[in-house]
Amino acid sequence: MNSNKNGKIIITICREYGSGGRQIGEEVAKRLDIPYYNRNLIDMVAKESGFASGYIDKFEEHVSSPLIWGIPMPRANMAFAGLAVQNYYSNEEKMFEAQSKIIRDIAKKGSCVIVGRCADYLLKDDPGCYRVFIHADKDFRIKRAKEEYGFSKDSEAKHAVKTIDRNRNAYHKKYAGYAWDDCHNYHLTVNSGLLGIERSVDLISEMVFSR
């Protein structure tokens, strides 16, 4: 088993939006009887950073700047935009620093499953860490987004899939320095659209117990 001297197992899960990564991570944690961290990290980061939980919920795993996406801006607004961007990145850096500290502290305490938030990068040198990427074809993810997140139209779900994946990739590139969906950075990539949720959970669990 790929674990450290304390027998610790850490599973980090990066996921395409609508692929079921959250549910898969939760089910893996239940099966292995270890703690699960996803949205419960928000309150922990809020306490550490001093930012409101709602602010963190809105901007985590998100790089949002007109300068990044190349959106043209009138010259008259550039000075204001520069201050706004500077302030945003100052906050973003503080959130990431607080989040990184919490994730590393959690990993030191024992086995767990952590979804997203560059945990794969932050814990890459931990000998007990398994890095997993969950993906699926776009039609599967659009359908699931409508079922799970309440989108009423395919166009709305399609927009969410495209936008959230883009944000996660930009966030990951900024902090980890490599593409979020590069299979070379993971121990296992799982096509949940092909395998389904239950079989995806089986594969991840089997990977842990086969080592």
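**Close-up views of the predicted model**

**Figure 1. The largest nonpolar core of the predicted model.** This core has 27 residues, and Ile-56, Ile-106, Ile-114 and Leu-123 have the most contacts inside it. At least two core residues come from each of α2 (40-49), α3 (53-59), α5 (78-109), β3 (112-115), α6 (119-122) and α8. Helix α5 gives the largest share, 7 residues. Leaving aside residues up to four places away in sequence, Ile-56 touches Ile-42, Val-45, Ala-46, Ser-49, Phe-51 and Met-95. A second core of 21 residues is separate from this one; Tyr-36, Val-190, Val-201 and Met-207 are among its members.

**Figure 2. Helix α8 and the residue after it.** Helix α8 covers residues 154-176, 23 residues in total. At 1.5 Å a residue the helix should span 33 Å, and the 32 Å between its end C-alpha atoms agrees with this. Buried residues in α8 include the polar or charged positions Asp-165, Asn-167, Arg-168, Asn-169 and His-172. Ala-157, Ala-160, Val-161, Ala-170, Tyr-171, Tyr-175 and Ala-176 of α8 are buried as well. Gly-177 follows the helix and has a positive phi, near 85 degrees.

**Figure 3. The largest pocket.** The space in this pocket is about 530 Å³. Its lining has 22 residues, and those nearest the pocket centre are Arg-15, Tyr-17, Arg-39, Ile-164 and Arg-168. Helices α1 (21-32), α3, α7 (138-149) and α8 each contribute at least two residues to the lining of the largest pocket. Of the residues nearest the centre, Arg-168 is buried. Ile-164, by contrast, is partly exposed, because its relative accessible area is 26% and the partly exposed class runs between 20% and 50%.

**Figure 4. Ile-164 and Glu-16.** Ile-164 is part of helix α8. Its C-alpha atom is separated by 8.4 Å from that of Glu-16, although the two residues are 148 residues apart along the chain.

**Figure 5. The largest cavity.** The model has 2 cavities of 30 Å³ or more, and the largest cavity has a volume of about 60 Å³. Its lining consists of Val-45, Ile-56, Phe-59, Glu-60, Glu-61, His-62, Glu-92, Met-95, Phe-96, Gln-99 and Tyr-171. Two or more lining residues come from each of α3 and α5, and the largest share, 4 residues, is from α5. Ile-56 lines this cavity and is also one of the residues with the most contacts inside the largest nonpolar core. Val-45 and Met-95, two further lining residues, are touched by Ile-56.

**Figure 6. Two loop residues with positive phi.** Asp-33 is not a glycine, yet its phi is positive, about 60 degrees. Asp-33 sits in the loop between α1 and β2 (36-37). It counts as exposed because its relative accessibility of 70% is over 50%. Cys-118, also not a glycine, has a positive phi of about 60 degrees and is found in the loop between β3 and α6. With a relative accessibility of 2%, under 20%, Cys-118 therefore counts as buried.

**Figure 7. Segments of low pLDDT.** The chain has a mean pLDDT of 86, with 84% of its residues at 70 or more. Over residues 1-5 pLDDT stays under 50, and the model has 17 contacts beyond four places in sequence for this segment. Residues 66-86 also stay under 50, with 12 such contacts.

Terms used. Residues are numbered from 1 along each chain as its sequence is written. This is a predicted model: local features need pLDDT of at least 70, side-chain atom pairs count only at pLDDT 80 or more; totals for chains, interfaces and linings use all residues. Side-chain values use heavy atoms; hydrogens and water are left out. pLDDT is the predictor's confidence in each residue, from 0 to 100. Contact means heavy atoms within 4.5 Å. The expected span of a helix is 1.5 Å times one less than its number of residues. Buried means under 20% relative accessible area, exposed over 50%, partly exposed in between (1.4 Å probe, protein chains only). A nonpolar core is a set of buried Ala, Val, Leu, Ile, Met, Phe, Trp, Tyr and Cys residues joined through side-chain atoms within 4.5 Å. On a 1 Å grid over the protein atoms alone, a cavity is a set of points where a 1.4 Å probe fits but cannot get out, and a pocket is an open set with protein on both sides within 12 Å along at least five of seven lines; lining residues have an atom within 4 Å of a point. Grid points are joined across faces, edges and corners, and a volume is the space filled by probe spheres set on the points.
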